[in-house]
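Open your viewer and keep the selection panel handy. We will go from the whole chain to single residues, one stop at a time.

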Amino acid sequence: MIIVNDTIRQLSMLLLIATTLYSATDSNANQPTGWEFDITAGLNASATYYNDHWQGGELSTVTWVSRVQGTAERQFTRQLDWRNTLEIAFGQTILQKEGPGPEPVWSPPQKSTDLIDYESLLRFTLQTWIDPYLGLRIISGFLDTRDPANERYFNPVEMTESAGGSRSILKQDRIALTARAGVAVRQTIDRDKAQVSSASPGITYETDIVNDGGLELVAELRTSTPKKILELKSDLKIYEALISTEASESDSSYWRYPDINWENTLIINAAKYLMINLYAQALYDRQINPDVRLKSTLGIGVTFQFGEAGEN
């Protein structure tokens with residue numbers, strides 16, 4: 001597995017250097033106008049309050065979610081395009097519960113949303129039927145609260161390096177559909193893996209690293225109405241592991257099942273600073289759960305959008 005990782009990294013570096021040198025000496029390359037930014041930041045909050053005279057057992061709640069989505073892309077030359085995408089989100093829920101006395105009490109804040117998702121995609125736009133690409137994706141969270149007595153920041157971490165070919169299937173003024181497929185290697189690092197041993201009573205925590213390699217397929221759909229009153233973003237990611245360090249460490253073959261992540265976001269820009277966000281996600285990972293995991297959120301809150309094309 002280490003040999004596979006090193007080989008892909010070396011080939012990716014050689015391809016990057018060769019393409020960059022070729023682009024720098026190409027006198028016919030289009031000169032770039034600069035970075036293009038698309039950033040959306042929003043805060044959604046809701047609160048429900050019941051006084052002491054309310055009957056029925058309802059309890060008050062407070063929920064807030066902050067989310068930032070940003071893309072920075074630049075066409076350096078006619079043959080080289082670099083896109084960086086970052087999504088960070090964090091939210092908490094505070095619940096009112098019955099206390100030891102007659103008055104209800106508020107529970108400590110509980111994490112409801114936690115995501116750090118960064119992707120860097122380098123495409124070699126060679127004006128052919130398919131464009132080679134190199135990709136890096138890092139997924140983590142701000143706070144790991146699986147064990148309240150041993151909380152950790154930025155854990156676990158999943159890194160995926162990929163290389164393959166991409167193609168724009170459909171591209172018009174208000175709709176774009178792209179797909180890419182290739183090989184990928186993935187590392188999952190968990191610094192808070194619980195270990196139970198009969199030799200030493202109690203639970204100990206160790207760093208667990210899983211390496212695997214396989215194939216990936218990514219499809220991205222972007223569409224909007226005029227003036228972007230409605231915006232739809234749909235991303236489908238499928239990863240099929242072919243080799244894994246878990247093959248020799250466990251009798252289970254669940255790592256051979258494909259990992260599927262389908263995310264859909266519908267944005268309604270109701271006013272200049274008012275946005276309605278409907279998010280739906282379907283996840284399938286046989287190692288975690290044999291069934292498809294579904295998540296949906298509806299948020300109404302304040303949002304800010306920034307777009308810019310720079311000179312640098």
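Start with the whole protein chain selected: 33% of its 312 residues count as buried. This is a predicted model, so colouring by confidence is a good next step. The mean pLDDT of the protein chain is 83, with 82% of its residues at 70 or more. If you switch on the surface, you are looking at about 19200 Å² of accessible area, and carbon and sulfur atoms own 60% of that.

Now show the cartoon. The protein chain has 2 helices and 15 strands. Among contacts with a separation of 6 or more, 56% are between residues 24 or more positions apart.

**Stop 1: the two ends of the confidence scale**

Select helix α1, residues 2–24, where confidence in the protein chain is lowest, at a mean of 49. Then jump to strand β6, residues 131–140, where confidence is highest, at 96. Go back and select residues 17–30: pLDDT stays under 50 along this stretch, and the model gives it 17 contacts beyond four places in sequence.

**Stop 2: strand β3 and its partners**

Select residues 61–77 and 80–97, which are strands β2 and β3. They run antiparallel and are joined by 16 bridges, and a hairpin connects β2 to β3 through 2 residues. To see the register, pick Val68, which stands opposite Ile88 in β3.

Next, add strand β5, residues 110–123: β3 and β5 pair in the antiparallel sense over 13 bridges. Click on Thr93 and look across to Gln110, its bridge partner in β5. Strand β4, residues 105–106, also pairs with β3 in the antiparallel sense, over 2 bridges. There, Lys97 stands opposite Val105 in β4.

**Stop 3: Asp81**

Stay on β3 and select Asp81, which is found in that strand. Is Asp81 buried or exposed? Its relative accessibility is 3%, and the cut-off for buried is under 20%, so Asp81 counts as buried. Show what surrounds it: leaving aside neighbours within four places in sequence, Asp81 is in contact with Glu73, Arg74, Gln75, Leu121, Leu122, Arg123 and Thr125. For a distance label, try Asp81 and Leu121, which are 40 residues apart in sequence and 8.2 Å apart in space, C-alpha to C-alpha.

**Stop 4: aromatic rings**

Show the side chains of the aromatic residues. How many aromatic pairs are there? The count comes to 7 aromatic pairs. Zoom in on Trp64 and Phe90: their ring centres are 6.0 Å apart and their planes stand at 55 degrees, so this pair counts as tilted. The pair links distant parts of the chain, with Trp64 in strand β2 and Phe90 in strand β3, 26 residues apart. Add Phe142 and Phe154 to the selection, and you have a cluster in which ring pairs link these two with Trp64 and Phe90. With the surface back on, check Trp64 once more: at 28% relative accessibility, Trp64 counts as partly exposed.

**Stop 5: arginines over rings**

For the last views, select Arg67 and Tyr279. Arg67 lies over the face of Tyr279, at 5.7 Å from the ring centre. Then move to Arg286 and Tyr254, where Arg286 lies over the face of the Tyr254 ring, 3.8 Å from its centre.

Key:
Residues are numbered from 1 along each chain as its sequence is written. This is a predicted model: local features need pLDDT of at least 70, side-chain atom pairs count only at pLDDT 80 or more; totals for chains, interfaces and linings use all residues. Side-chain values use heavy atoms; hydrogens and water are left out. Two strands pair if DSSP finds at least two bridges between them. Helices (H or I, at least four residues) and strands (E, at least two) are DSSP runs, numbered from the N terminus. Rings of Phe, Tyr and Trp (its six-membered ring) pair if their centres lie within 6.5 Å; planes under 30 degrees apart count as stacked, over 60 as edge-to-face and the rest as tilted. Buried means under 20% relative accessible area, exposed over 50%, partly exposed in between (1.4 Å probe, protein chains only). A charge sits over a ring if NZ of Lys or CZ of Arg is within 6 Å of the ring centre and within 35 degrees of the ring normal. pLDDT is the predictor's confidence in each residue, from 0 to 100. Contact means heavy atoms within 4.5 Å. Accessible areas come from the Shrake-Rupley method with a 1.4 Å probe; for residues, only the protein chains shown count as cover.
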